[in-house]
2 protein chains.
Amino acid sequence: MFKDATIDEINGSIELAWKAFHDYRKLSLKHRAAFMKAIAVEIDALGTSLIETAMKETNLPEARLMGERARTIFQLNSYADACEKADWLEARIDTAIPTKTPPKPDLRKMLVPLGPVVVFGASNFPFAYSTAGGDTACAFAAGCPVIVKAHPAHAQTSELVAGAILKAAEKCNMPKGIFTHIHSSGFEGGRALVTHTHVRAVGFTGSFIGGKALFDAANQRKEPIPVFSEMGSVNPVFLMPEKLKESAADIAKMYAGSITLSTGQFCTNPGLIIAVDGNDLNIFIDKLGEEIKNIAPGTMLHPGIAKLYNEKRISALAQKDVETVSVSSVAPKENQGTPTIATVHAHVFLDNPVLHQEIFGPYSLVIKCKDANEMLEVAKHLEGQLTSTLMATVNDVRENDELVEAVKNICGRFILNGVPTGVEVCLSMHHGGPFPATTDSRYSSVGADGIKRFARPVSFQNWANELLPDELKNENPLHIWRTVNNELTKDVIK
Amino acid sequence: MFKDATIDEINGSIELAWKAFHDYRKLSLKHRAAFMKAIAVEIDALGTSLIETAMKETNLPEARLMGERARTIFQLNSYADACEKADWLEARIDTAIPTKTPPKPDLRKMLVPLGPVVVFGASNFPFAYSTAGGDTACAFAAGCPVIVKAHPAHAQTSELVAGAILKAAEKCNMPKGIFTHIHSSGFEGGRALVTHTHVRAVGFTGSFIGGKALFDAANQRKEPIPVFSEMGSVNPVFLMPEKLKESAADIAKMYAGSITLSTGQFCTNPGLIIAVDGNDLNIFIDKLGEEIKNIAPGTMLHPGIAKLYNEKRISALAQKDVETVSVSSVAPKENQGTPTIATVHAHVFLDNPVLHQEIFGPYSLVIKCKDANEMLEVAKHLEGQLTSTLMATVNDVRENDELVEAVKNICGRFILNGVPTGVEVCLSMHHGGPFPATTDSRYSSVGADGIKRFARPVSFQNWANELLPDELKNENPLHIWRTVNNELTKDVIK
């Protein structure tokens with residue numbers, strides 16, 4: 001529908017972004033924040049046409065899309081507030097001590113923007129992790145121009161949102177090139193974006209294959225650049241003995257909802273459930289199976305995702321010693337994903353890497369362990385995850401210290417007695433995790449700490465106060481928190 | 001002299017470090033800090049034997065080594081204080097809002113250690129960037145065991161320091177495997193260290209070839225890990241017109257000292273000096289040449305470095321249109337490096353990548369530009385640097401905004417009217433910079449912010465207060481700064 005950008009067009013847009021970078025990074029935090037808030041206003045102003053377009057392109061229901069739009073607007077506004085508040089800048093000041101031998105110079109440090117950022121949007125979040133989603137908002141807050149490659153599965157939605165960003169850019173007098181929206185269907189366009197010398201960071205949400213290819217391309221550049229790929233996760237859930245005995249049926253009910261929410265199309269979908277085999281686990285499995293039977297298949301985001309889900313699901317169920325426990329009793333229509341639960345013994349799971357893979361959709365595998373030691377074995381052999389969950393009483397936690405530590409060690413968010421689906425947008429959220437969940441476990445793609453992905457520190461040594469950026473001036477004109485001579489303070493330096 | 005570790009021995013030491021990791025990371029910040037301070041005490045207790053050994057191995061003078069030992073002890077003590085103070089943990093808390101739709105869970109985030117860290121020491125800092133240097137201190141503070149590969153040029157010095165660390169480990173009841181010291185002369189040992197599945201980060205200070213090889217090996221692992229290679233820099237100095245007119249001779253004198261300090265063997269050595277051609281620059285060059293003539297060659301760290309310096313220096317001076325301005329009037333003895341200054345016109349520099357390379361030793365190249373625009377061209381074409389310096393009046397800075405921004409954009413530390421040599425150890429120091437100065441411009445290898453290199457965030461969702469780490473408990477038992485519901489505070493949560 002939309003014409004692919006040529007390589008020349010891609011290079012041209014990056015050159016423009018590079019020029020814009022030199023103007024944009026000099027704008028005040030207040031000005032950046034105003035731009036971000038203007039984008040939120042323009043997205044809101046798109047009204048029902050945006051929701052209708054997204055419904056057509058993604059098959060997601062209206063309520064979900066309205067919620068996601070509200071979340072996207074909240075992200076833009078709250079990251080704008082965080083941008084202006086400037087905690088993320090990590091301002092540090094050590095004043096001179098001329099009497100020291102050798103004399104200690106005045107040193108002041110803050111984060112500065114990296115340069116133009118390329119964003120690849122996610123198919124499953126057409127607003128919140130796409131064109132004006134978290135990556136774009138964080139890059140703008142950090143002081144970086146953005147080039148978005150539209151996700152082909154919701155290209156029209158992306159066009160509408162891009163239009164809103166450009167409208168806001170014009171209203172706020174942003175430099176030309178602050179934002180570019182391009183379409184590109186093959187890998188060549190993506191490669192051209194990631195390998196251009198003036199692109200300085202990449203945000204990506206999607207498959208392991210796509211995210212890893214970008215990471216590799218970026219590291220093979222003459223000047224490697226950071227790639228923040230969020231690539232999915234099986235989000236293991238550990239059902240601990242005492243908790244399972246207390247409430248097997250309740251947990252099953254809660255998890256049937258989490259596994260099938262949005263037809264399982266969340267990167268935080270619980271794909272593995274681990275427990276000690278026995279009567280309590282049987283009660284859980286029976287109840288989970290019963291619930292799953294009653295949940296109808298849902299239409300997936302696009303035919304490609306539905307096809308992949310069904311192929312991977314069939315392949316997983318066909319693995320040696322995997323037993324299918326329950327399948328939705330309603331037959332799937334075209335492009336629908338069928339809720340499915342299977343079980344396997346831990347020793348089989350440990351020996352078969354196919355069973356460790358994410359199956360993007362409403363599928364979960366229950367791993368039966370012969371004892372607590374085998375649960376620990378499973379925890380130690382799991383790959384990096386966005387989330388891990390313990391369903392546990394206080395005793396369960398206290399009596400399984402080694403397991404608790406092992407589970408914490410593989411994840412970015414550690415949940416107690418809850419479900420992993422549902423990612424709150426706030427500063428204490430970490431949406432990230434050890435490889436292969438992401439390519440950089442040190443950074444979050446949700447919450448205002450995500451701004452730091454697109455910035456780096458610079459120390460100013462011996463600069464006259466009048467020549468320093470406002471963030472570092474003696475009089476603290478922005479009234480921000482700074483660490484001055486090792487103490488956090490908002491005080492003026494005398 | 002020392003036997004190379006076998007691959008089996010290397011793997012065994014990593015397994016031990018991995019085991020130690022599970023115990024060490026559970027220790028309190030106080031306990032970690034006590035261990036680090038005990039190392040400082042044990043290093044001090046080595047007394048003159050340490051200095052004498054290092055003098056023999058590195059050819060560095062006694063005063064320099066005593067200063068460096070004091071700096072190493074200061075690093076250990078001040079990073080220990082920072083570890084305990086816990087600002088680096090970035091504790092963030094958002095309390096639950098059960099009345100929200102959907103209910104907002106309690107979320108609390110802090111940094112946790114990555115796992116065993118491998119450190120490759122620097123030849124030019126036998127104490128401060130080697131066995132118990134900044135990387136090791138930061139890793140211990142973060143909660144990570146350390147495996148040090150001794151630098152072969154000061155293997156005996158490294159042995160002594162390793163002994164001090166192990167003594168402190170024993171006194172502080174550290175787990176076995178918290179620290180291992182190995183010798184390995186080929187690349188195979190280094191490769192085995194960096195590619196082992198249980199190694200989770202690498203610190204390196206040295207050549208571009210070595211640092212880049214480790215970076216590539218780490219990124220090609222099944223699970224890539226961060227490599228913090230600090231690989232050197234030419235540290236450009238821009239002499240601005242008004243300042244040059246005011247004080248060409250004084251600047252020349254100051255820079256003659258900086259270029260030849262420690263026989264130029266600093267990663268912050270000023271290797272490029274850029275100015276507009278003309279009478280003021282001629283005064284500067286004449287004075288610099290005069291000074292350099294009077295500075296005697298110094299014995300370099302080891303024969304390999306001396307050989308490389310002389311080869312690179314000869315090759316640079318032989319490049320087309322490079323003019324030798326001044327060479328020390330004292331003939332060099334074996335393994336000495338001769339202070340040398342050359343000049344070249346900017347258009348020649350821009351076209352010849354050989355002239356952009358670091359020449360590790362007392363060498364500097366003056367680049368003559370035909371006007372301010374050509375200075376800007378040079379700034380835009382320089383690679384990433386640890387430092388950049390402006391010698392400038394307030395007017396010079398104000399009238400050359402584009403140049404100032406371009407220079408800031410390529411460096412990690414931006415100095416006004418000073419010399420880049422001399423790296424203060426404090427929180428506001430950024431010792432890092434865009435590639436190829438380092439492999440990760442976002443992190444510093446000097447100052448307590450360097451601790452963050454070896455840690456990653458984990459969010460705890462919905463955990464009972466009694467089960468949370470002390471850092472995140474309601475009562476704030478460690479009395480640390482935390483961001484609670486978006487506000488920095490030390491307050492208790494009620």
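I'll go through how the two chains of this predicted model meet, and then how chain A itself is divided.

Start with the symmetry. Chain A can be laid on chain B with an RMSD of 0.0 Å, by a turn of 180° and a shift of 0.0 Å along the axis. The two copies are thus related as by a two-fold rotation axis. If you want to find that axis on the screen, go to A:Asn219: of the residues of chain A, its C-alpha comes closest to the axis, at 3.8 Å.

Now the interface. How many residues of each chain are in contact? On chain A there are 52, and they are in contact with 51 residues of chain B. Several elements of chain A each supply at least two residues to that side: strands E1 (92-94), E2 (107-113), E16 (411-416) and E17 (455-461), together with helices H14 (394-399) and H15 (401-409). By class, the side of chain A that touches chain B has 23 nonpolar, 16 polar and 13 charged residues. Of the interface residues of chain A, 98% are also interface residues in chain B, so the copies meet through the same surface.

Next, the sheet. Strand E16 of chain A pairs with strand E17 of chain B, residues 455-461, in the parallel sense over three bridges. In that pair, A:Ile415 stands opposite B:Gln461. The pair belongs to an open sheet of twelve strands with mixed pairing. The order is E11(A)-E13(A)-E14(A)-E9(A)-E8(A)-E15(A)-E16(A), then E17(B)-E2(B)-E1(B)-E18(B)-E19(B). Which strands stand at the edges? They are E11 (323-327) of chain A and E19 (487-489) of chain B; each has a single partner strand, so one side of each is left without a neighbour in the sheet. From one strand to the next, the twist averages 25°.

Staying with the chain A part of the sheet, E8 (residues 236-239) and E9 (residues 272-276) run parallel and are joined by three bridges. There, A:Val237 stands opposite A:Ile273. Helix H10 of chain A, residues 279-293, lies across E8, E9, E11, E13 and E14 of chain A, and runs at about 45° to E11(A).

Last, the domains. The assignment for chain A gives domain 1 as 7-231 + 441-456, and domain 2 as 236-416. Their centres, taken over C-alpha atoms, are separated by 33 Å. Eight residues of domain 1 are in contact with eleven residues of domain 2. On the domain 1 side, those residues are one nonpolar, five polar and two charged.

How values were computed. Residues are numbered from 1 along each chain as its sequence is written. Chains are lettered from A and ligands numbered from 1 in the order in which they are written. This is a predicted model: local features need pLDDT of at least 70, side-chain atom pairs count only at pLDDT 80 or more; totals for chains, interfaces and linings use all residues. Two residues are in contact if their C-beta atoms, placed from the backbone, lie within 7 Å. Helices (H or I, at least four residues) and strands (E, at least two) are DSSP runs, numbered from the N terminus. Ala, Val, Leu, Ile, Met, Phe, Trp, Tyr, Cys and Pro count as nonpolar, Asp, Glu, Lys and Arg as charged, and the others, Gly among them, as polar. Two strands pair if DSSP finds at least two bridges between them. Copies are superposed by least squares on the C-alpha atoms of residues with pLDDT of at least 70 in both. Axes are lines fitted to C-alpha atoms, for helices over the stretch in contact, and angles run from 0 to 180 degrees between N-to-C directions. Domain bounds come from an automatic or database domain assignment.
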